[in-house]
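Thanks for sharing this one with me. I went through it with the viewer open, and my comments are set out as short points you can follow on screen.

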Amino acid sequence: MTKYELNVKQLKILKTELTRFMMSYKFALQELNTKIDILKQEFQYIHDYNPIEHVSSRVKSPESIVNKIQRRGNDFTLESIRENVRDIAGIRITCSFESDIYTLSEQLMQQHDISVVETKDYIKNPKPNGYRSLHLILSIPIFMSDRVQDVYVEVQIRTIAMDFWASLEHKIYYKYNKNVPEHLLKELKDAAESAALLDQKMEKIQHEMSAWKDRQTDEDERYELIIDNETFSLPNESILVNLMPPSSLRD
Ligand code: 0O2
């Protein structure tokens, strides 16, 4: 292998590029986290319930990036890494119910500055081992001082039950060096199916509860608006009717 010596100036340029490279993923995560937080708050106010249980994000370590590039035999350039390793920025969103996963993913995917690069629906088509989750590769523009950089972000969206299974399966798989006996792989798959059934059951309870709550809405509550724990009284109906969106008056 040819040995290269970088001079001080070259090293400085390289360090700036590497910093920009890694920062672009951090900025992409910040942007997407803000978008998710806005959707979460809006959902809370409008539907009076929060579909997002937990959000975590990470930038892949340089060591894992290098391993992935080597494993796949891709070129070892920043351009090639940017194009081929699409999970350098990763966000995992845990939702309450399966339907929330699709509502949230649709709301994200329809935003104008987001491009959907790839969708893998392991909920409708679980992996052979039982793994369930919705994976999206999104591309989001980051406006820097001298350029606009489109950055890939991998978004994994799953329910608490899917997340519980995936976390423990990952632990078991790696703890035993990916060497799990056949009968235990079968049991893991059974456990994934039990988790899926639990998701269905919880979603059914939620639907029934929500329908029941709609029927029970207190007369007083109907004329209140609650924002940031502050309660505002609404004016009487003759005034309110002017604020109605015209389309909703047609029903
Ligand atoms: P980490 O540390 O979680 O990032 P690719 O990532 O594109 O090379 P693949 O398999 O095409 O590989 O991507 P896919 O199917 O979208 O899965 C990528 C990520 O999903 C994995 O990341 C895991 O986080 C998760 N995942 C996929 N399959 C399983 C599974 O069977 N069990 C569990 N527990 N998690 C899974 P990484 O790269 O493995 O690591």
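The points below start with the sheet, move on to the helix across it, and end with the salt bridges.

1. Please keep in mind that this is a predicted model. Everything that follows is computed from its atoms, so to speak of the model is to speak of a prediction.

2. A good place to begin is the sheet. It is open, has 5 strands in the order E1-E2-E5-E4-E3, and its pairing is mixed. Strand E1 (52–59) and strand E3 (115–121) stand at the edges; each has a single partner strand, so one side of each lacks a neighbour in the sheet. From one strand to the next, the twist averages 20°.

3. As a reminder, the strands of a sheet pair through backbone hydrogen bonds, and they can do so in a parallel or an antiparallel way. Both senses can be followed here from strand E2. With E1, strand E2 pairs in the antiparallel sense over 7 bridges. With strand E5 (residues 148–159), strand E2 (residues 89–95) runs parallel, and 7 bridges join the two.

4. If you would like to check the register by eye, a few residue pairs will help. Ser56 stands opposite Arg92 in E2. On the E5 side, Gly90 stands opposite Glu154, and the bridge partner of Ile93 is Ile157.

5. Is strand E2 enclosed or open to its surroundings? Of its 7 residues, 6 are buried, so E2 is largely enclosed by the rest of the structure.

6. Now bring helix H1 (8–47) into view. H1 lies across E1, E2, strand E4 (134–143) and E5, and it runs at about 170° to E1.

7. Helix H1 also takes part in a surface feature that you may want to colour. Tyr45, Ile46, Leu225, Ile227 and Phe232 form a nonpolar patch there, with about 460 Å² of accessible area together. Helix H1 and strand E6 (224–227) are the elements that give two or more residues to this patch. Tyr45 lies in helix H1, and its relative accessibility of 37% is why it counts as partly exposed.

8. How many salt bridges does the structure hold? There are 16, and I picked out a few to look at. In helix H3 (residues 78–84), Glu79 and Arg82 sit 3 residues apart, about one turn of the helix. They form a salt bridge whose closest N and O atoms are 3.5 Å apart. The two partners differ in cover: Glu79 is exposed, with a relative accessible area of 55%, whereas Arg82, at 12%, counts as buried.

9. Next, have a look at Lys120 and Glu118. Their closest N and O atoms are 4.0 Å apart in the salt bridge they form. Lys120 counts as partly exposed at 36% relative accessibility, and Glu118 counts as partly exposed at 31%.

10. For a salt bridge with a buried setting, turn to Asp163 and Arg158. The closest N and O atoms of this pair are 2.9 Å apart, and both residues are buried. Elsewhere, salt bridges that share partners join Glu17, Arg20, Asp146 and Arg147 into one network.

Technical notes:
Residues numbered from 1 in each chain as written. Predicted model: local features only at pLDDT ≥ 70, side-chain atom pairs only at ≥ 80, totals over all residues. Heavy atoms only, no water. Patch = residues over 30% accessible without salt bridge, like charges linked within 9 Å, V, L, I, M, F, W, Y side chains within 5 Å. Areas by Shrake-Rupley, 256 points an atom, 1.4 Å probe, with all protein chains shown as cover. Salt bridge = Lys/Arg side-chain N within 4 Å of Asp/Glu carboxyl O. Helix = DSSP H or I, 4+ residues; strand = E, 2+ residues; numbered from the N terminus. Buried < 20%, exposed > 50% of the residue type's maximum accessible area, 1.4 Å probe, protein only. Pairing = 2+ DSSP bridges. Axes fitted to C-alpha atoms, helices over the stretch in contact; angles between N-to-C directions. Contact = heavy atoms within 4.5 Å.
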